[in-house]
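Load the model in your viewer and keep the selection box handy. We'll go stop by stop, picking residues and looking at what surrounds them.

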Amino acid sequence: MPAPLMAECQARLKADLEEVNASIDFATAAFKAYASAGQLLGWVSSQPELRAVIQEFRSATRLNDLSFIYQSLYVQAWSAFELFVRTLIVSYVDEVSSRATDFKSLDKAKLIERNIYHSGVALQQIFENRSNVSIDFFQVAQNIGTAYPDSKKVLLNSFSFGMFLKAPTALGIEEALKRIGFKQFDWDKVGGSTIIQEVFQTKGSRETTKQVKEFLASCEKIRNNIVHRGESIQPVAETDLRYGISAYEAIGGALTEYLRSTL
């Protein structure tokens, strides 16, 4: 069954990661141009306007090491994946409620009690909103009033399911899925993806699952060291970035496909 809202999440992840790829291309090209700018001056000596442009570029640019730029893009790629997981959870709730809005159906989907709980978390932000979303507290309260037995139209506060999620490591993703009724997530559903196996150069679900979990744990560690300027900040190479982007997109696709299959 089509799930357009989750498809949009996947498309946004792809677009966000493509933007990171484009930034890598630009940074790499700029670095090469800066390294060769001195040699170019002789070639454009007879073209004052172009020579002035190159001189301005040389004076305004101090590119000696791409690692700092790559570190920033590493964090951006991780953030794109983090956003994807959050919006995927919210979109799943919206997809379920677009198919059935009655209390009995949503209760069977294990969303009623969770909706009340997470809506309560949202309402707790009324005096000092610590979340990264804009909350209409009156709308949240009004929607909660529709969640009673025999109600034919329950309005879920779907956004609240995506509030205060943990980082998208294996554990973080598992806990996010618990919010929408999946008590135990079988990671072999991800590890069995041929696309993911191609990215990680693995064979079989178990080996791939192990690599995916280790990859996500490593990404979180590197991201935290970069953001918080830890003592163990490791250089980030272009190959690390490209590999991570491919992995995020593949994992995102597998998670989307899995949730689609459960609708």
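What span should the 40 residues of α1 have at 1.5 Å a residue, and how far apart are its end C-alpha atoms? Bear in mind as you look that this is a predicted model.

**Stop 1: helix α1**

Select residues 4-43, which make up α1. At 1.5 Å a residue the helix should span 58 Å, and its end C-alpha atoms sit 54 Å apart, which agrees. Now centre on Ala37: α1 bends there by about 60 degrees. Ala37 is also one of the buried residues of this helix. To see others, colour Met6, Cys9, Leu13, Leu17, Val20 and Ile24, then carry on with Ala27, Thr28, Ala30, Tyr34 and Leu41. As a reminder while you look along the axis, an α-helix has 3.6 residues a turn, so residues three or four places apart point the same way.

Stay on α1 and show the side chains of Arg12 and Asp16. They form a salt bridge, with the closest N and O atoms 3.9 Å apart. The two are four residues apart in the helix, which means about one helical turn separates them. Arg12 is partly exposed at 45% relative accessible area, and Asp16 is partly exposed too, at 22%.

**Stop 2: the nonpolar core**

Which residues have the most contacts inside the largest nonpolar core? Select Ile180, Ile251 and Leu259; the core around them has 61 residues. Helices α1, α3 (67-99), α4 (103-108), α7 (170-178), α9 (194-200), α10 (205-227) and α11 (238-262) each give two or more residues to this core. The largest share, 15 residues, comes from α3.

Zoom in on Ile180 and show what it touches beyond its neighbours within four places in sequence. You should find Ile89, Tyr92 and Val93, then Ala109, Leu111 and Arg114, and finally Phe161 and Leu259. Apart from this core lies another, of five residues; select Ala122, Ile135, Phe137 and Met163, which are among them.

**Stop 3: helix α5**

Ala122 also takes you to helix α5, as one of its buried residues. Select 112-123: the helix has 12 residues and reaches 16 Å from first C-alpha to last, close to the 16 Å expected at 1.5 Å a residue. Its other buried residues include Ile112, Asn115, His118, Ser119 and Val121. What do the buried residues of α5 pack against? Show α4 and α6 (137-144) and you have both partners.

**Stop 4: Ser67**

Go to Ser67, in helix α3. Is Ser67 buried or exposed? At 12% relative accessibility, it counts as buried, because the cut-off for that is under 20%. Leaving out residues up to four places away in sequence, Ser67 touches Pro235 and Val236. Put a distance label from the Ser67 side chain to the backbone nitrogen of Val236: a polar atom of that side chain is 3.5 Å away.

**Stop 5: more salt bridges**

A search of the whole structure finds 10 salt bridges. Side chains of opposite charge can pair when their charged atoms come close. Begin with Arg99 and Glu95, whose side chains meet at 2.9 Å, N to O. They are four residues apart in α3, again about one helical turn. Compare the two ends: Glu95 is buried, with a relative accessible area of 2%, whereas Arg99 is partly exposed at 33%.

Next, select Asp188 and Arg206, a salt bridge with its closest N and O atoms 2.7 Å apart. Asp188 is in helix α8 (residues 188-191) and Arg206 in helix α10, so the pair ties together parts that are 18 residues apart in sequence. Arg206 counts as exposed, at 65% relative accessibility. Then pick Lys14, Glu18 and Glu249: salt bridges with shared partners join them into one network.

**Stop 6: Glu175**

For the last selection, take Glu175 in helix α7. Glu175 counts as partly exposed, at 29% relative accessibility. Which side chain does Glu175 meet in a polar contact of 3.3 Å? Show Lys166, and you'll see the pair. Before closing the session, draw a C-alpha to C-alpha distance from Glu175 to Tyr258: the two are 83 residues apart in sequence and 16 Å apart in space.

Technical notes
Residues numbered from 1 in each chain as written. Predicted model: local features only at pLDDT ≥ 70, side-chain atom pairs only at ≥ 80, totals over all residues. Heavy atoms only, no water. Core = buried A, V, L, I, M, F, W, Y, C linked by side-chain atoms within 4.5 Å. Buried < 20%, exposed > 50% of the residue type's maximum accessible area, 1.4 Å probe, protein only. Contact = heavy atoms within 4.5 Å. Expected span 1.5 Å × (residues − 1). Bend = angle between axes of the 7 residues up to and from the residue. Polar contact = N/O pair within 3.5 Å; in protein donor to acceptor, adjacent residues only side chain to side chain. Salt bridge = Lys/Arg side-chain N within 4 Å of Asp/Glu carboxyl O.
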